[in-house]
Amino acid sequence: MTLENQLCSKCDSTFEDELVHGICECPSTYSARIQFTDSLDNILLPDEKQSVLHLDSVSHTLRLLGAPVEPFLVLDSDFFILKHTFAFIFRCLQTYFSN
Ligand SMILES: [Zn+2]
C-alpha cells in the first residue's frame, strides 16, 4: 500500500497522514504543541522530555496515542503523559478541523 500525498486546507502543505500532520506538523496547531511541550516540564525529566520530543512525526504521534514506541518511561510518567496527550490531541483536532 502506498500513501498518497494530500494537501492541507489549513496551511497548503502536503502530507501523507492527516492525523500526523494535524498533531505534529501543521502550523494551525502550533500553539497547542507549544503548550503541550511546556507542560512536559512538570511531568518528565529533561532528558526524558528531549527523547520524546526528538521522535519523528509518525513515531511521535504513535507515542502520544500510547503505542509502545521508545523511549519507554516509568509507568507513572506514561500515565501522566497519556492524560496530557488526550487533551492535547483533542485540542489539535478541534483546531485542525474547525473552519
Ligand atoms: Zn497543515
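**Figure 1. Five helices and two strands make up the secondary structure elements of the chain.** The model is predicted. From the N terminus, the elements run β-β-α-α-α-α-α. Both strands thus sit ahead of the helices in the order of elements.

**Figure 2. The C-alpha trace of the chain spans about 40 × 30 × 20 Å along its principal axes.** The radius of gyration is 14 Å. For 99 residues, a compact globule would have a value near 13 Å, so the chain agrees with that expectation. Of the 99 residues, 19% count as buried. Contacts also reach across the sequence. Among those between residues at least 6 apart, 52% join residues at least 24 apart.

**Figure 3. The largest nonpolar core of the chain holds nine residues.** Its members are Ile 23, Cys 24, Cys 26, Ala 32, Phe 36, Leu 64, Phe 88, Cys 92 and Tyr 96. Three helices each give two or more residues to this core: H1 (18-25), H2 (30-39) and H5 (75-96). The largest share, three residues, comes from H5. Three cysteines are among the core members: Cys 24, Cys 26 and Cys 92.

**Figure 4. Close-up of Phe 36, a member of the largest nonpolar core.** Leaving aside residues up to four places away in sequence, Phe 36 touches His 84 and Phe 88. Phe 88 belongs to the nine-residue core as well. His 84 is a contact of Phe 36, but is not listed among the core residues. Helix H2 covers residues 30-39, and helix H5 covers residues 75-96. The contacts of Phe 36 with His 84 and Phe 88 therefore join H2 to H5.

Note on methods
Residues numbered from 1 in each chain as written. Predicted model: local features only at pLDDT ≥ 70, side-chain atom pairs only at ≥ 80, totals over all residues. Helix = DSSP H or I, 4+ residues; strand = E, 2+ residues; numbered from the N terminus. Rg over C-alpha atoms; globule rule 2.2 N^0.38 Å. Buried ≥ 20, exposed ≤ 12 C-beta atoms within 10 Å, placed from the backbone. Contact = placed C-beta atoms within 7 Å. Core = buried A, V, L, I, M, F, W, Y, C linked by C-beta atoms within 7 Å.
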